[in-house]
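Colleague: I should be grateful for a close look at a single part of this model, taken slowly and with its surroundings.

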Amino acid sequence: MATEETVSVSRASACLCVLCGLPAAGKSTLARRILSTATQHGWRATVVPYDDLIPEQAFRTKVVEDGVNLQEMHTEWKSHRQAVLYCIEQFLQKSEILPEAPSSSGISVAAWEQCTQALMGPKGLKPPLVFLLDDNFYYPNSLGFCQVYLQCDLESCVSRNQSRSQPVPTEVILEMVKRLESPNPQKNSWEINSITLNSTGTVSKSDIQRVMELISSALNNPLSLGEDNKEQKDADRLKCANSVVHQADQACRHLISEAMKTARENKVPPERMRSLAAQLSESKATFLHNLRKHFLHEVPFIQEEEINVEHAAKRAAEIFNDDLKEILSRIMNDK
């Protein structure tokens, strides 16, 4: 058990405690209880209220031609989320200065001020600073970092969600079930400070105590995320690039096959058929090389957000098809 003395000793100035789980898994209820207990320990603590900071329309789903996709549905939410994260980062870097939420960001200035006002504290005193978040992202070194994963069965989440005044669409929860993963320290070293709570029932006092011990441990043992984060991002970027290039390659092969079939049907002479095959093969190789290079070095990549590989590969194939048509037209019209 953590004692009052062990709780008060810390080496990091701040801790980011991420609360993970499905909508209606109990994150908000848990956050309120942690906030109350943290205050009793003399910590400066706040909950980052995404629902208050980000306007309602940013959460609304969008239907695209290929159907409803979780990543594509929340494009507006992501841009607002980045603005919230920027404000948090500025606060952590300047710790004694309360940064204003830029009006151009679209997030609520009033909600941001309310969120951070309690963190200022008396001058000269710097008790530990705790941000409670329902998001997953990374920050600079020398910070405490921990995660609390709320495990709640789907039926309970859907039932609780339906009783809310503004419920999350059920299809969004079902999609999140497919995507949400519990912390995995073996795979991700920064998740070493993680615990899982069963929130299907009522979270107990002992559960709250476990969370407080986790935060205390994170404060006493700040992670050096920079190197691990870069290595993980590089690995994820490489995996993503390989997946996109592989799917694009399959699509390009099919397009080339169709182009050769069209040329045969138009009775293109054998020597031109050989030339067409060679040009299309060379064009595909160059295109895939550039595509891979683009994803490895140029595409903005945020580790915790998945890139829609299928959509990216389909778009790449469409671009290649334009080049293919130009080559085919030139061969067929060559006198």
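In what sense do strand 1 and strand 3 pair, and over how many bridges? Please set the answer in the context of the sheet and of what surrounds it.

Modeller: The model is a predicted one. Strand 1 and strand 3 pair in the parallel sense, and five bridges join them. Within this pairing, C15 stands opposite V130 of strand 3.

On its other pairing, strand 1 (residues 14-20) runs parallel to strand 4 (residues 144-151), with six bridges between them. Two positions help to locate this register by eye: L16 stands opposite F145 in strand 4, and V18 stands opposite Q147 in strand 4.

These pairings belong to an open sheet of five strands, whose order is 2-3-1-4-5 and whose pairing is parallel. The edges are formed by strand 2 (44-47) and strand 5 (194-198), each of which pairs on one side only. From one strand to the next, the twist averages 20 degrees. Helix 9 (residues 205-220) packs on this sheet and touches strand 1, strand 3 (129-133), strand 4 and strand 5. The direction of helix 9 makes about 155 degrees with that of strand 4.

The covering of strand 1 can be followed residue by residue. Seven of its seven residues are buried. On one side these are A14, L16, V18 and C20, and on the other they are C15, C17 and L19, so that both faces of strand 1 are covered. The residues named above for the two pairings fit into this picture: C15, opposite V130, belongs to one face, whereas L16, opposite F145, and V18, opposite Q147, belong to the other.

Beyond strand 1, the chain enters the loop that leads to helix 2 (27-40), and A24 is placed in that loop. The backbone at A24 deserves inspection. Most residues other than glycine have a negative phi. A24, although it is not a glycine, has a positive phi of about 70 degrees. A24 counts as buried because its relative accessibility is 5%, and the cut-off for buried is under 20%.

A second residue invites comparison on the same point. K267, also not a glycine, has a positive phi of about 55 degrees. Its place is in the loop between helix 10 (225-265) and helix 11 (270-297). K267 counts as exposed, since its relative accessibility is 71% and exposed means over 50%. A24 is thus buried, whereas K267 is exposed.

Two further places may be viewed alongside the sheet. Y50 lies in helix 3 (residues 50-53) and is buried, with a relative accessible area of 4%. Y50 and W112 are 62 residues apart in sequence, and their C-alpha atoms are 9.8 Å apart in space.

The last place is a pair of helices. The axes of helix 7 (residues 154-162) and helix 8 (residues 170-179) come within 11 Å and cross at roughly 155 degrees. Helix 7 is therefore roughly antiparallel to helix 8. The crossing of helix 7 past helix 8 is right-handed. Helix 7 contributes L154, V158, N161 and Q162 to the contact, and helix 8 contributes T170, I173, L174 and V177. Sorted by character, the residues of this contact are five nonpolar, three polar and no charged.

Definitions and conventions. Residues are numbered from 1 along each chain as its sequence is written. This is a predicted model: local features need pLDDT of at least 70, side-chain atom pairs count only at pLDDT 80 or more; totals for chains, interfaces and linings use all residues. Side-chain values use heavy atoms; hydrogens and water are left out. Helices (H or I, at least four residues) and strands (E, at least two) are DSSP runs, numbered from the N terminus. Buried means under 20% relative accessible area, exposed over 50%, partly exposed in between (1.4 Å probe, protein chains only). Axes are lines fitted to C-alpha atoms, for helices over the stretch in contact, and angles run from 0 to 180 degrees between N-to-C directions. Angles under 35 degrees count as roughly parallel, over 145 as roughly antiparallel, 65 to 115 as roughly perpendicular and the rest as oblique. A crossing is left-handed if the near helix is turned anticlockwise from the far one by less than a right angle, and right-handed if clockwise. Contact means heavy atoms within 4.5 Å. Ala, Val, Leu, Ile, Met, Phe, Trp, Tyr, Cys and Pro count as nonpolar, Asp, Glu, Lys and Arg as charged, and the others, Gly among them, as polar. Two strands pair if DSSP finds at least two bridges between them.
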